Amino acid sequence: MPTPEPASTPTVWPGSSYPLGATYDGAGTNFSLFSEVADRVELCLIGKDGREHRIELEEVDGYVWHCYLPTVTPGQRYGYRVHGPWSPSSGHRCDPSKLLLDPYGKSFHGEFQFGQALYSYDLRADDLASGGEPPRVDSLGHTMTSVVINPFFQWGSDRAPRTPYHETVIYEAHVKGMTQAHPGVPEELRGTYAGLAHPVIIDHLKSLNVTAIELMPVHQFLHDHRLLELGLRNYWGYNTFGFFAPHHQYAASKHAGGAVAEFKTMVRAFHEAGIEVILDVVYNHTAEGNHLGPTINFRGIDNAAYYRLLDGDNRYYKDFTGTGNSLNARHPHTLQLIMDSLRYWVLDMHVDGFRFDLAATLAREFYDVDRLSAFFDLVQQDPVISQVKLIAEPWDIGEGGYQVGNFPGLWTEWNGKYRDTVRDYWRGEPATLGEFASRLTGSSDLYEATGRRPSASINFVTCHDGFTLNDLVSYNEKHNEANGEDNRDGESHNRSWNCGVEGPTEDRLILDLRAKQMRNIMGTLMLSQGTPMIAHGDEIGRTQRGNNNVYCQDSELSWMDWSLCQTNADLLEFTRKVVKFRKDHPVFRRRRFFEGKPIRTGTEARDIAWLTPAGNEMAAEDWETGLGQCVAVFLNGQAIPAPNERGERVVDDSFLLCFNSHDEVEDFVAPRADHYARQWTADLDTADPTGSTELVVAAGEKISVQPRSLLVLRKTA
């Protein structure tokens, strides 16, 4: 769509202070911008030739500056110039030489050209003047511009899948990483929303039986100047400046505003396939960085309102995120921006939930993380946001920032303790057995006290941040040299094990062991109570060659190599099998925690029982002895207390899970007591490349569980 040419003297009506942003109603466009600190605000319409037409905003209601332009239609590029105090020591950084992007912008155009024009201080001095005037170099032509969009879209019969948490399997993915190297995606669609919605991608996800795709950041973000100078890019996208706009570089459509319709088309395609769309969102900080960062929008519009400033010296920012700044979620207009953004993505873009990056930062009222902060209060009472999936990354880098288990009742959480425990168990770390049992059964120690269910635990062993599943079993150390930081970046304590050789090898025994370890971890993930999450490519053994921090690697190092579907076909088959196994058996996705009590008076049959390899119930001392590498657990399919959605009793098979993380064969004994089973038939054995097995054993018989493997037996008599 061509950019409309603004009239030389456009008609200006008063317009409305609500909604904020640029809103096209089918006839014209309302513009609205919050700034409490501003003395004057100019709306700048950008023409085809790149020149601007400035319109003084005369109407101000409650610090919201607004107008309505009846001649402005979708495709119009625009920005703002905010006049006001320049006093960094007081927290104010108004600089009208900067064309500022709309914080509520639904689409953006162009690219940033880093240089003096983007900064409100003298780059040669490399310092922020506390008193003197900034250089006043105009940023027009060097910054991106906001774009008026057409909000109307034919959703047809689109309906949200609304998959219950206990039936949810999440697949974390990157828009470009999933599609850039797929031979079945047309070349012009690779790396885009349209490519992600292509049938070959959706068919792959459906074959895995995943129910939700969790997209790494798709809000409009900035590629850091430092990375660009190194020939790198901000691949992950945790550097947002536009919380309402889909990132324009992920759109196959290149016309202004085209990313919006393409994103909506993608969501509609996923919904037609029964797959929910969850967004990884970054409301804890913005792309403007620390006090020496560029002036893009928030900093120049109202710095003190949008950011947490350092007490005693407002030139600087409080940084709970490690990125230079933290959004000021205590300010009502910043809170409004976050809530308006969330509602927009649900109501207008039809997404099904959110994963909140460094969510503990949003809960900081002052310094401490506060469960009752204003943000959580607003979410709790909001009729839209409270009804979608809300997933917290429950930590930040500030003091007291590790908050696993402490979020309110509506929230689920990435369970970092699950990740660490499962990694430690399968690499043979001692004294993890009791912790392993807690994580396998839904982490009631973390979530039950707040009235939550097992599904509150988002179980994961790998994600975008850290080693892939393949690398977790192939490297002891990180290998991040390609990032240009001398291997200093990324986590150093990975709880990984290379199985005997660091990195690539042709040793068949080591390769077989690595493949088995991947099956062990994937199998454990799917057989655990809670909500499982798979990192994209783990089902085919994707590698990043030991790099555990590919945030800046927009290359084959980070993209999915789809040829691995053939190379690691066994792992793909196993993953499909174990995810379907979970889907078919509700005993592995209970809605309530286990109680460990007899299910009927006068019987010893319980909903769960932990057994020694000898087939006896675990006593207190059994949890403390040895290296804690072997344990069996009985899951009673006749003791599922929660009914289904129609109020009917849920009944399933009963299972015996035998875990052996030891490097030798372990003989388990099928429990002898009648209330367990007279006969067991093996359904899954990670010792086999595809999990296949034909084992049948009777009560009291020995079961040889192979070294470092998981055996799943089903009660058949």
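Strand 7 (residues 77–83) and strand 11 (residues 145–147) pair in the antiparallel sense over two bridges. Here strands (E, at least two residues) and helices (H or I, at least four residues) are DSSP runs numbered from the N terminus, and two strands pair if DSSP finds at least two bridges between them. Within this pairing, Tyr78 stands opposite Ser146 in strand 11. The model is a predicted one, in which local features need pLDDT of at least 70 and side-chain atom pairs count only at pLDDT 80 or more, while totals for chains, interfaces and linings use all residues. Residues are numbered from 1 along each chain as its sequence is written, and side-chain values use heavy atoms, with hydrogens and water left out.

Strands 7 and 11 belong to an open sheet of five strands, in the order 4-3-7-11-10, with antiparallel pairing. Strand 4 and strand 10 (108–109) stand at its edges, each with a single partner strand, so one side of each is left without a neighbour in the sheet. Strand 3 (residues 40–46) joins strand 4 (residues 52–56) in the antiparallel sense over five bridges, and Cys44 stands opposite Arg54 in strand 4. The hairpin of strand 3 and strand 4 has five residues between the strands, and in it Gly50 takes a positive phi near 85°. In the segment before strand 1 (21–24) lies Pro19; the peptide bond from Tyr18 to Pro19 is cis, with omega near 0°.

The domain assignment of the protein chain gives domain 1 (21–148), domain 2 (415–583) and domain 3 (595–715); such bounds come from an automatic or database domain assignment. Between the C-alpha centres of domain 1 and domain 3 the distance is 64 Å.

A second strand arrangement is a barrel, closed by eight strands in the order 12-13-16-17-18-19-20-21 with parallel pairing. Its twist averages 30° from one strand to the next. Strand 19 (residues 412–414) and strand 20 (residues 457–459) pair in the parallel sense over two bridges, and the bridge partner of Glu413 in strand 20 is Ser457.

The description now turns to helix packing. Two packed helices are described by the angle between their axes and the distance between the axes. Axes are lines fitted to C-alpha atoms, for helices over the stretch in contact, and angles run from 0 to 180 degrees between N-to-C directions. Helix 9 (residues 416–426) and helix 13 (residues 508–527) pack at an angle of about 140°, with their axes 11 Å apart. That makes helix 9 oblique to helix 13, since angles under 35 degrees count as roughly parallel, over 145 as roughly antiparallel, 65 to 115 as roughly perpendicular and the rest as oblique. The contact (heavy atoms within 4.5 Å) is made by Tyr418, Val422 and Trp426 of helix 9 and by Gln517, Asn520, Ile521, Thr524 and Leu525 of helix 13.

Helix 9 also packs with helix 10, at an angle of about 130° and with the axes 9 Å apart. These two helices are therefore oblique to each other. Their contact is made by Lys417, Tyr418, Thr421, Val422 and Tyr425 of helix 9 and Leu433, Glu435, Phe436 and Arg439 of helix 10. After helix 10 (433–440), the loop leading to helix 11 (444–447) holds Ser443, which has a positive phi of about 60° although it is not a glycine.
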